[in-house]
Amino acid sequence: MPPATPPPKDRLRLALQKSGRLSVDSLDLLNRCGIKVKAPKEKLLLHAENFPVDLLFVRDDDIPQLVMDGVCDLGIVGENVLEETALDRAADGETNPYVVERRLDFGGCRLALAVPEERPFTTLADLAGLRIATSYPRLTKRFFQEKGLKADVVTLTGSVEIAPRLGLADAICDLVATGSTLEANRLRAVETIFKSKATLIRCDRDLDPVKRHALDLLLRRIDGVQLAAEAKYIMLHAPKAALPEIKRLLPGAENPTLLPLAGDDTKVALHAVCQEAVFWETMESLKRAGASSILVLPIEKMML
Ligand code: PRT
Ligand code: ZN
C-alpha cells in the first residue's frame, strides 16, 4: 500500500489497477479522453502532461479503500471488488464514503455459483450446507442469507476453480466472463449472484473548486467517449416516399438531416447519428425499404 498522503489541492489523484484485466482499458479510456501519460508501467505515481490529474498504480483490491480513505480522489475498479470491500468495511463498523461517478464500458463479468458438471442441480436449495470456495465471501454470504439458505463459505484468494477437484469445496462462487475457465475445469454455472463492470468512483468529500472543475471536464469527456463508442454516423440515399419507414428503422436516431440530391428530386440524402449499434440486419432492412448507397461511419467523440 502506498503512504496515506492526501492528494494535492490542485490536481486530481486517480487510482488505477497497475497490472491486470482493467489496466489497459483504464489507460485507453484516459487516452481517448485526451489525457496523456508517459511510460505508465514503471512508476507508482505519474503526472498527466496535459490535464490536472495524477495516476496512482496499485492492486485493484486497494482501490476502494484508497478512495474511501481520501488518499485518492478517484479510482477505477470493478463493482465486484467495490461491493465486497464496502460489505467488509460495513461489517467492521466503518462507513463507505464513496460516490459512483460513472459505470464504464469495460471489465464486464459476473460472479456466479458453479458446481462440478456431474453434480445434480435443480434449485438453489441443492447448494444448502455445501462448502463453497470463493474470493468474494461477503457477496456470497449475503446472497445465501437473502435466499434464506445456509452455506459454508471458504475464502480462497486465487485458483478458486480448482477447489472442487482438490476436495477443498463442493462448489465455487467465482467471476465468469467467457465461461471457458469453468468449462476447462469441468464446472457449470448455475446462478449469477452479482453482475459487474468497471466503475469510476470518487471519494465522497467536498472537492476543492479547482479539482471539481477538472472532474467535471473529465466526466464530460468520459461521457463523450462512451456515447461515441456505440454511436454511428449513417448516410444513405432514400426515395422521399420511403422516408417514414427508413426513419423508423434507424436505431436511436433523432432528427436526421435531409439534403437534396442533384439531378433526382424523387430522392434525398439522409444523414443521421444513430445512438445504438447499427447491425447488418438493420442495413438489410434499410435496403429493402428502398435505401441505397448506405454508409455507416464510426464516431470518435461526441458532445450533446
Ligand atoms: O493484481 P491485482 O490484484 O490488481 O489483480 P487481480 O488478479 O485481483 O484481478 P484481475 O486483473 O484478474 O481482474 C480485475 C477485475 O477485472 C476484476 O475484479 C473484475 O472486475 C474484472 N474482470 C472481468 C475479471 C474477469 N473479467 C475475469 N474473467 N476478473 C477476473 N476474471 C477471471 C476469473 O476470476 C476466472 O479465473 O477470469 C477467469 C474467468 O474468465 P473466463 O473468461 O474464462 O470466464
Ligand atoms: Zn486483485
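**Exercise 1.** Which residue forms a salt bridge with D69, and how many Å apart are the closest N and O atoms?

*Solution.* The model used here is predicted.
Step 1. Recall the rule: a side-chain nitrogen of Lys or Arg must lie within 4 Å of a carboxyl oxygen of Asp or Glu.
Step 2. The partner of D69 is R89, with 3.2 Å between the closest N and O atoms.
Step 3. Place the two residues: R89 belongs to helix α3, while D69 sits in the loop between α2 (63-68) and β4 (74-78). They are 20 residues apart, and the pair links distant parts of the chain.
Step 4. As background, side chains of opposite charge can pair when their charged atoms come close.
Step 5. Counted by this rule, the model has 18 salt bridges.

**Exercise 2.** Find which polar atoms of N80, A177 and T178 lie close to an oxygen atom of ligand 1.

*Solution.*
Step 1. The cut-off for a polar contact is a pair of N or O atoms within 3.5 Å.
Step 2. For N80, a polar side-chain atom is 2.7 Å from a ligand 1 oxygen.
Step 3. For T178, a polar side-chain atom is again involved, at 2.6 Å from an oxygen of ligand 1.
Step 4. For A177, the atom is a backbone N or O, and the distance to a ligand 1 oxygen is 2.8 Å.
Step 5. Ligand 1 taken alone exposes 840 Å², of which the protein buries 79%.

**Exercise 3.** Describe the surroundings of ligand 1.

*Solution.*
Step 1. Ligand 1 takes up the space of the largest pocket.
Step 2. Two or more shell residues come from each of α3 (79-91), β9 (171-176) and α5 (180-184). The largest share, 3 residues, is from β9.
Step 3. Sorted by class, the shell holds 11 polar, 6 nonpolar and 5 charged residues.
Step 4. Of the 22 residues around ligand 1, the nearest are R59, N80, T178, G179 and T181.

Technical notes
Residues numbered from 1 in each chain as written. Chains lettered and ligands numbered in written order. Predicted model: local features only at pLDDT ≥ 70, side-chain atom pairs only at ≥ 80, totals over all residues. Heavy atoms only, no water. Near = heavy atom within 4 Å. Polar contact = N/O pair within 3.5 Å; in protein donor to acceptor, adjacent residues only side chain to side chain. Areas by Shrake-Rupley, 256 points an atom, 1.4 Å probe, with all protein chains shown as cover. 1 Å grid on protein atoms, 1.4 Å probe; cavity = no way out; pocket = protein on both sides within 12 Å on 5 of 7 lines; lining within 4 Å. Sits in = over half its atoms within 2 Å of the grid points. Helix = DSSP H or I, 4+ residues; strand = E, 2+ residues; numbered from the N terminus. Nonpolar A, V, L, I, M, F, W, Y, C, P; charged D, E, K, R; others polar.
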